[in-house]
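Open the model in your viewer and keep the selection box handy. We will go from stop to stop, picking something out and looking at what surrounds it.

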Amino acid sequence: MSKLNLAFIGCGFVAQQCHLPCYSSIDDVNIHTLCDPVEDLRIKLAKKYSAENQYNSHLEIDNLEEIDAFVVTLPRKLSFNVLNYLIKLKKPIFTEKPLCLDYKNARILEELAIKYKTYIKVGYMKSNDASIEKLKEIIHAYKENNDVIKLINSYSFMGDSYCSPFGDSKGKFIPPIIFKEESMPNWLKKDNYYAYEQFINVFSHISHILEDIFKEKINLISAKINELGEGILLCDIDKIPLSISLCRGQQNEWDESIDIKYSNKKVSIKFPPPFLRNVPGIIKIESGEKDNTKTCIRTNWSWAFRNQAVDFCEKVKVHHLEFDELSRAIRQIDFAEKIFKEYIK
């Protein structure tokens, strides 16, 4: 098969640190098109990645028949309207999370994706962390052995996730945004805009990966949470009691983990900071009724962002079309809305 031609919509920090390097490292991928209104930045990146086609925006692309898929990395308020347009082109789309800011709009995008048979992968890269597949195997094996999960504790402490990256370029002149921005949900108080946006951008990672691991929806029971979305959520998943603790700070640290407790063992996974390259999560198992045995499992060095890019490209090649991933991403917006509606006054 010839190389996949990808069109990148947005060439900012995350595109430069994660998606352009990862996709360009895949042998059968061609960075075909770059769309970004910052001209000097776009020209520099087009030269770096040998992109032959450049546009100020996705609306200017005039050779759509050459493009196999889109990679969208935009400020969150721009994603909805751009995706609304791209879905109708019937080409696969990778987009950074969150899908959008409003659950109602997310459902609109879902309906369009089904109508136009457009595959959308939303960038919850933890699902492609090499340790997750191993964790699923372990949980399945215990289930086959009739071991019952009694409790799940999870937490996300948001410190500095960027790990002092370097190498991203800035444009000398950033033109004003000419596209319509998505509004925040009309029920949300203006004072909570920042906290809500941060919640669905950062804290939704932990709820999303829990739903991916257990293939079930998280049910929110109660919460003790502040106006920044920090605190403790009491939930259940597949009828298992689940706690989710959330906090953010300024420390040079990223602490995110899930503990799964059985009657005679505990399985835990600790995630690395998202921008730390080639370091997957670490799984630890503590077991034994009399003598405690500890096992540490480290999968091969790999970066979830690159695994995610490979996964998307493989699905594009086989014309993959299912909406479970999209539905799971949409549920994270619904989950955040329920928390802010019911527990943040």
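Which elements are included in what covers the buried residues of H1? Among them are strands E1, E2 (29–35), E4 and E5, together with helices H2 (39–48) and H7 (304–317). Keep in mind throughout the tour that this is a predicted model.

**Stop 1: helix H1**

Select residues 13–24 to bring up H1, a helix of 12 residues. From its first C-alpha to its last it reaches 16 Å, close to the 16 Å expected at 1.5 Å a residue. Because 9 of its 12 residues are buried, H1 is largely enclosed by the rest of the structure. To see the buried ones, show the side chains of Ala-15, Gln-16, Gln-17, Cys-18, His-19, Leu-20, Pro-21, Cys-22 and Tyr-23.

**Stop 2: Ala-7 in strand E1**

Now click on Ala-7, which you will find in strand E1. Is Ala-7 buried or exposed? Its relative accessibility is 0%, so Ala-7 counts as buried; the cut-off for that is under 20%. Leaving aside neighbours within four places in sequence, Ala-7 is in contact with Thr-33, Ile-67, Ala-69, Phe-70 and Val-71. For a sense of scale, draw a distance from the C-alpha of Ala-7 to that of Lys-117: the two are 110 residues apart along the chain and separated by 19 Å.

**Stop 3: helix H3**

Select residues 76–87 next. This is H3, which has 12 residues and reaches 17 Å from first C-alpha to last, close to the expected 16 Å. Its buried residues are Leu-78, Ser-79, Phe-80, Val-82, Leu-83, Asn-84, Leu-86 and Ile-87. What covers them includes strands E1 (4–9), E4 (69–72), E5 (93–95) and E6 (120–122), as well as helix H4 (103–116).

**Stop 4: three backbone details**

Zoom in on Lys-97 and Pro-98. A cis peptide bond joins these two, with omega at about -5°. Pro-98 is found in the loop between E5 and H4.

Then move to Asn-146, in the loop between H5 and strand E7 (151–158). Asn-146 has a positive phi of about 65° although it is not a glycine. With a relative accessibility of 66%, Asn-146 counts as exposed.

Asn-278 also deserves a click: its phi is positive, about 60°, and it is not a glycine either. Look for Asn-278 in the loop between strand E12 (265–271) and strand E13 (282–287). Its relative accessibility is 44%, so Asn-278 counts as partly exposed. As background to these details, most residues other than glycine have a negative phi, and most peptide bonds are trans.

**Stop 5: the E8–E9 hairpin**

Select residues 218–225 (E8) and 231–237 (E9). These strands run antiparallel and are joined by 7 bridges. Within the pair, Leu-220 of the hairpin stands opposite Cys-235 in E9. The hairpin has 5 residues between its strands, and Gly-229 in the turn has a positive phi of about 80°.

**Stop 6: the nonpolar cores**

Which residues have the most contacts inside the largest nonpolar core? They are Leu-99, Leu-210, Ile-244 and Ile-258, in a core of 74 residues. Helix H6 (residues 193–214) gives this core its largest share, 11 residues. A second, separate core has 31 residues, including Leu-4, Tyr-23, Val-38 and Leu-45.

Center the view on Ile-258 and show what is around it. Apart from neighbours within four places in sequence, its contacts include Ile-206, Ile-209, Leu-210 and Ile-213. Others on the list are Ile-152, Val-267, Ile-269 and Phe-271.

**Stop 7: a pocket and a cavity**

Turn on a surface and look for the second largest pocket, with a volume of about 400 Å³. Of the 14 residues that line it, Ile-139, Lys-143, Ile-149, Phe-214 and Asp-238 lie nearest its centre. Helix H5 (130–144) and H6 each supply at least two lining residues, and H5 gives the most, with 5.

How many cavities of 30 Å³ or more does a search of the whole structure find? The search finds 1. About 80 Å³ of space lies in the largest cavity. To locate this last stop, select its lining, which includes Met-125, Lys-126, Asp-129, Phe-271, Trp-303 and Ala-304. Pro-272, Pro-273 and Pro-274 are also among the lining residues.

Key:
Residues are numbered from 1 along each chain as its sequence is written. This is a predicted model: local features need pLDDT of at least 70, side-chain atom pairs count only at pLDDT 80 or more; totals for chains, interfaces and linings use all residues. Side-chain values use heavy atoms; hydrogens and water are left out. Helices (H or I, at least four residues) and strands (E, at least two) are DSSP runs, numbered from the N terminus. The expected span of a helix is 1.5 Å times one less than its number of residues. Buried means under 20% relative accessible area, exposed over 50%, partly exposed in between (1.4 Å probe, protein chains only). Contact means heavy atoms within 4.5 Å. Two strands pair if DSSP finds at least two bridges between them. A nonpolar core is a set of buried Ala, Val, Leu, Ile, Met, Phe, Trp, Tyr and Cys residues joined through side-chain atoms within 4.5 Å. On a 1 Å grid over the protein atoms alone, a cavity is a set of points where a 1.4 Å probe fits but cannot get out, and a pocket is an open set with protein on both sides within 12 Å along at least five of seven lines; lining residues have an atom within 4 Å of a point. Grid points are joined across faces, edges and corners, and a volume is the space filled by probe spheres set on the points.
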